[in-house]
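Visitor: I am new to protein structures and would like to be walked through one. Please keep it plain.

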Amino acid sequence: MTRVVVTGGSGKLGRAVVREFVEHGYDVVNLDRVPSPDAPAEAVFIRTDLTDYGQVLNCLIGVDDRYDHVDAVVHLAAVPAPGQVPDVALITNNVTSSINVFHAARAAGIKNVVWASSETLLGIPMGEFHPPYIPVDEEFAVRPQSSYSLGKAVEEEMARHFTRWDPSLKMIGLRFSNVMDVADYDGFPWDRDPEKKSFNLWSYIDSRDGAQAVRKAVESDLTGFEAFIIASPDTVMEAPTIEFVERYIPDIERRSEIDGVSSLLSSEKARELLGYAPQYSWRDGR
Ligand SMILES: NC(=O)c1ccc[n+]([C@@H]2O[C@H](COP(=O)([O-])OP(=O)(O)OC[C@H]3O[C@@H](n4cnc5c(N)ncnc54)[C@H](O)[C@@H]3O)[C@@H](O)[C@H]2O)c1
C-alpha cells in the first residue's frame, strides 16, 4: 500500500485530504501539533513539531513500530493566513516547517512532494499589485504582499532549486484559493457584501475538491517543480462575475470572455496536467 504523510492533517484542508487518501486506499500518517477532531480510524497520528528538523526527519524515515517508510509527502501545516500571529513568527513557523519537510524528504529519498502554496502569490489581496490580467493563471511572476505570502514565495523558490539539484524529484505547489467547508456555505452567497470577498476576486475552493487536487498531484508522474492554481470553477457570488469586474477592476486586461459566474482564477493548468475535475459547488447546498 502507498504510504502518504500529510502534515497539518488536523486542519481544515488537512482533514479533507486525510479522508480523501484513506478513501482511496492509502496508508495515511498525519503529522500535526494537535490531533484531528474527526480522523478516520485508519489514519496514524504522530504529534510533531515541524519546526524541529530532528522530529521531521524521524517521521519521514519511520517511527518505531508505527511505520517504516514513506512514499509521498503532502505538506499542509502552516499558519494559514496573515495576521493570526505576529509577522516574523508566522514566516518563521511556516518557512522553517517547509525547509525541514523538503530537506528531510530529500534525506529520506522521497521523490514525491506536494505542498500548499497560495492564491496570495498572485497579487492578492487585490490593490495596487492586483493580477495583471484575468482570468488569472500561473504565467506571471509572483507578487507576495504579506509575510504569509512571502513565505509561500520563498517555499516555491526553494522547491525550484531542490528540483534543479535532483531532476527526478517531483515538487508540486498547489496555490489554493480560500478553502471552504460545507458548513461555510451557510454564509453564501456574498452578494450583500462584495467588498469583503474582493480581496481574492470572489473565488474559493471546496475542501473536498482541494483534497482531490492533492491526491491527483501525488498520483501524477510529472517531475520537477510545478505550481498550479486550485480554485472552484465558480465564484462565491450569485450575480455574474463581469458585474464585479466592471465595478472593482474595470481597467484590468481581459484575456477571455468572463461567462456567467465563472471564477477569475483559472485552474485550467491543473485540469490539463493533473486531471483535476472539481465536483462541488456551494450552489448545490449541503
Ligand atoms: N485556509 C485557506 O483559505 C487557505 C488558502 C490557501 C492556502 N492555504 C494553505 O493550506 C494549508 C492548510 O490550511 P488550513 O486552512 O487547513 O489551515 P489550518 O490552520 O486549519 O491547519 C493547519 C494545521 O497545521 C498545523 N501546524 C501549523 N504549524 C505547525 C507546526 N509547526 N508543527 C506541526 N503542526 C503545525 C496546525 O496545528 C493545524 O492543524 C496551509 O499551508 C495554508 O497556508 C490555506
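Guide: A definition comes before the questions: the expected span of a helix is 1.5 Å times one less than its number of residues. The model shown is predicted.

Visitor: What distance separates the end C-alpha atoms of helix α5?
Guide: Helix α5 covers residues 207-219, which is 13 residues. At 1.5 Å a residue, the helix should span 18 Å. The model agrees with that expectation, because the end C-alpha atoms of α5 are separated by 18 Å.

Visitor: How many residues of α5 are buried?
Guide: A residue counts as buried when its relative accessible area is under 20%. The buried residues of α5 include Ser-207, Gly-210, Arg-215 and Val-218. The helix is largely enclosed by the rest of the structure, because the number of its 13 residues that are buried is 11.

Visitor: Is Ala-211 buried or exposed?
Guide: Ala-211 has its place in helix α5. Not counting residues up to four places away in sequence, it touches Leu-13, Ala-16, Val-17 and Glu-20. Its relative accessibility is 1%, so Ala-211 counts as buried.

Visitor: Which residues does Ser-220 contact, leaving aside its neighbours within four places in sequence?
Guide: Ser-220 lies in the loop between α5 and β10. With a relative accessible area of 14%, Ser-220 is buried. Contact means heavy atoms within 4.5 Å. Leaving aside neighbours within four places in sequence, the contacts of Ser-220 are Lys-170, Ile-172 and Leu-274.

Visitor: What is the radius of gyration of the protein chain?
Guide: The secondary structure of the chain comes to seven helices and 11 strands. For 286 residues the globule rule gives 19 Å, and the chain's own value is close to that, so the chain is as compact as a globular protein of that length. The radius of gyration of the protein chain is 18 Å.

Visitor: What share of the contacts with a separation of 6 or more joins residues 24 or more positions apart?
Guide: Ser-220 and Lys-170 are one example of a contact in this chain. Among the contacts with a separation of 6 or more, the share from residues 24 or more positions apart is 73%.

Visitor: How far apart are the mean positions of the positive and negative charges?
Guide: The protein chain has 28 positive and 44 negative charges. Each set has a mean position, and the distance between the two is 2 Å.

Visitor: Which residue follows Phe-188 through a cis peptide bond?
Guide: Most peptide bonds are trans. The bond from Ile-134 to Pro-135 is cis, with omega near -10°, and Pro-135 lies in the loop between β6 and α4. The bond after Phe-188 is also cis, with omega near -5°. That bond leads into a residue found in the loop between β8 and β9, Pro-189.

Visitor: Is Leu-201 buried or exposed?
Guide: Most residues other than glycine have a negative phi. Asp-64 has a positive phi, near 35°, and at 79% relative accessibility Asp-64 counts as exposed. Leu-201 has a positive phi too, near 60°, and is found in the loop between β8 and β9. At 0% relative accessibility, Leu-201 counts as buried.

Key: Residues are numbered from 1 along each chain as its sequence is written. This is a predicted model: local features need pLDDT of at least 70, side-chain atom pairs count only at pLDDT 80 or more; totals for chains, interfaces and linings use all residues. Side-chain values use heavy atoms; hydrogens and water are left out. Helices (H or I, at least four residues) and strands (E, at least two) are DSSP runs, numbered from the N terminus. The radius of gyration is taken over C-alpha atoms; the globule rule is 2.2 Å times the number of residues to the power 0.38. Lys and Arg count as positive and Asp and Glu as negative; His and the chain ends are not counted. The place of a charge is taken as NZ of Lys, CZ of Arg, CG of Asp or CD of Glu. Buried means under 20% relative accessible area, exposed over 50%, partly exposed in between (1.4 Å probe, protein chains only).
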